[in-house]
Amino acid sequence: MSSTILIADDDPVQRRLLETIVHRFGYQVETVDGGEAALARLSSPGLPEIDLLILDLVMPDLDGMGVLGKLRELQSTLPVIVQTAHGSIEAVISAMRAGAI
């Protein structure tokens, strides 16, 4: 069975592009449209385990830094890759300190 990757991004075009790429590499994919939805999916019992989270930093409900903070509070060991179109060195450093890869 292949690993399952969760993509959390509020931009439907970006979600679809990432979903296509991840599928091409042979992984299972689930997508959500925001940070709250990502946390809800990650905490849902009875669903397949998520092996990796690809997380957008800038989202309208709960942003990526908020998700990273919640995961840290939960002492999650889930690997997280952060992506953003609005990046800066400060954002990269903050995300990595919060647990992002």
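**A walk through the sheet and its cores**

Let's start with one pair of residues: alanine 8 has valine 32, in strand S2, as its bridge partner. To get from strand S1 to S2, the chain passes through helix H1 (residues 12–24), and this β-α-β crossover is right-handed. Keep in mind as you look around that this is a predicted model.

That pair belongs to a bigger pattern. S1 and S2 run parallel and are joined by 5 bridges. S1 also runs parallel to S3, this time with 4 bridges between them. Here you can pick out isoleucine 7, whose bridge partner in S3 is isoleucine 54. Isoleucine 54 in turn has a bridge partner in S4, namely isoleucine 81. Strand S3 (residues 52–56) and S4 pair in the parallel sense too, over 4 bridges.

Put those pairings together and you get an open sheet of 4 strands in the order S2-S1-S3-S4, with parallel pairing. Strand S2 (28–32) and strand S4 (80–83) are the edge strands, each pairing on one side only. On average, and ignoring direction, neighbouring strands of this sheet are turned by 20 degrees against each other. Helix H3 (residues 64–73) packs on the sheet, where it touches S3 and S4, and its direction makes about 145 degrees with that of S3.

Now go back to S1. Is this strand covered or not? Mostly covered: 5 of its 5 residues are buried. Thr4, Leu6 and Ala8 point one way from the strand, while Ile5 and Ile7 point the other way.

What about the nonpolar side chains? In soluble globular proteins, these tend to be buried together. In this model, the largest nonpolar core has 20 residues, and the ones touching the most other members are Leu53, Leu55, Val67, Leu68, Val80 and Val82. Strand S1 (4–8), helix H2 (35–42), S3, H3 and S4 each supply at least two residues of this core. Its largest share, 3 residues, comes from H3.

Zoom in on valine 80 for a closer look. Leaving out residues up to four places away in sequence, valine 80 touches Leu52, Leu53, Leu55, Leu68, Leu71, Ala100 and Ile101. There is also a second, separate core of 7 residues, and among them are Ile5, Ile7, Val22 and Leu52. You have met Ile5 and Ile7 already: they are the two that point the other way from Thr4, Leu6 and Ala8 on S1.

Terms used: Residues numbered from 1 in each chain as written. Predicted model: local features only at pLDDT ≥ 70, side-chain atom pairs only at ≥ 80, totals over all residues. Heavy atoms only, no water. Pairing = 2+ DSSP bridges. Axes fitted to C-alpha atoms, helices over the stretch in contact; angles between N-to-C directions. Contact = heavy atoms within 4.5 Å. Core = buried A, V, L, I, M, F, W, Y, C linked by side-chain atoms within 4.5 Å. Buried < 20%, exposed > 50% of the residue type's maximum accessible area, 1.4 Å probe, protein only. Right-handed = clockwise from strand over helix to strand, strands pointing away.
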